[in-house]
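Work through the exercises below with the sequence and the structure in view, and try each task before reading its solution.

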Amino acid sequence: STSPEQALFSQALQRDHELNQNRATRLLYASKGLPPILWFVLGVLAVMIILFSYFVGMGSALLHVFAVGALTACLAFTLFTTVTLDQPFGGDLRVTPDAFEMVLSEIEGDSSPPEA
């Protein structure tokens, strides 16, 4: 009812509103991924790069097979990384709440790890 209490309450409401907006943004990022057209372009480019690598002439057939295999492996790892980073809050390789709880406990000055 006093002026300082009203200011404090107003500030608390503003911070709560910011918290809700940040939560909504995180939920949006968790549910949205890369657009399908980007996945299509990445797939087509990967196939084209592998196919065109067959036209590069090398003296040794074994060396050519190794080069194409290495290029294919690099593209596969790149696509795997893209898939993994596309959904950071979902899937097997996700950011768990434990990381956020650990940071929160460090910010608050608590030295004990969060309970599982």
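**Exercise 1.** Determine whether Leu42 is buried, partly exposed or exposed, and find which residues distant in sequence it touches.

*Solution.* Begin by placing the residue: Leu42 is found in helix 2 of what is a predicted model. Next, take its relative accessibility, which is 26%, and set this against the cut-offs, where buried means under 20% and exposed means over 50%. Because 26% falls in between, Leu42 counts as partly exposed. Finally, leaving aside residues up to four places away in sequence, Leu42 touches Leu79 and Thr82. As for Leu75, its C-alpha lies 9.7 Å from that of Leu42, although the two are 33 residues apart in sequence.

**Exercise 2.** Carry out the same classification for Leu51.

*Solution.* Leu51 also lies in helix 2, and its relative accessible area is 48%. Since exposed requires a value over 50%, Leu51 is partly exposed. In space, Leu51 and Val68 are 9.0 Å apart from C-alpha to C-alpha, with their positions 17 residues apart in sequence.

**Exercise 3.** Describe how helix 2 and helix 3 pack, and decide whether they are roughly parallel or antiparallel.

*Solution.* Two packed helices are described by the angle between their axes and the distance between the axes. Here helix 2 (residues 36–53) and helix 3 (residues 61–86) pack at an angle of about 170°, and their axes are 9 Å apart. Angles over 145 degrees count as roughly antiparallel, and therefore helix 2 and helix 3 are roughly antiparallel to each other. On the side of helix 2, the contact includes Trp39, Leu42, Ala46 and Ile49, while helix 3 contributes residues including His64, Val68, Leu71 and Leu75. Sorted by type, the residues of this contact divide into ten nonpolar, four polar and one charged.

**Exercise 4.** Summarise the protein chain: what secondary structure does it have, what share of its residues counts as buried, and what confidence does the model carry?

*Solution.* First, the secondary structure comes to four helices and zero strands, so that the order from the N terminus on reads α-α-α-α. Second, of the 116 residues, 6% count as buried, and the accessible surface comes to about 9,600 Å², with 69% of it belonging to carbon and sulfur atoms. Third, the chain averages a pLDDT of 80, and 87% of the residues score at least 70. Confidence is lowest in helix 4 (residues 97–108), with a mean of 82, and highest in helix 1 (residues 3–31), at 85.

Conventions
Residues numbered from 1 in each chain as written. Predicted model: local features only at pLDDT ≥ 70, side-chain atom pairs only at ≥ 80, totals over all residues. Heavy atoms only, no water. pLDDT = per-residue confidence, 0-100. Helix = DSSP H or I, 4+ residues; strand = E, 2+ residues; numbered from the N terminus. Axes fitted to C-alpha atoms, helices over the stretch in contact; angles between N-to-C directions. Parallel < 35°, antiparallel > 145°, perpendicular 65-115°, else oblique. Contact = heavy atoms within 4.5 Å. Nonpolar A, V, L, I, M, F, W, Y, C, P; charged D, E, K, R; others polar. Buried < 20%, exposed > 50% of the residue type's maximum accessible area, 1.4 Å probe, protein only. Areas by Shrake-Rupley, 256 points an atom, 1.4 Å probe, with all protein chains shown as cover.
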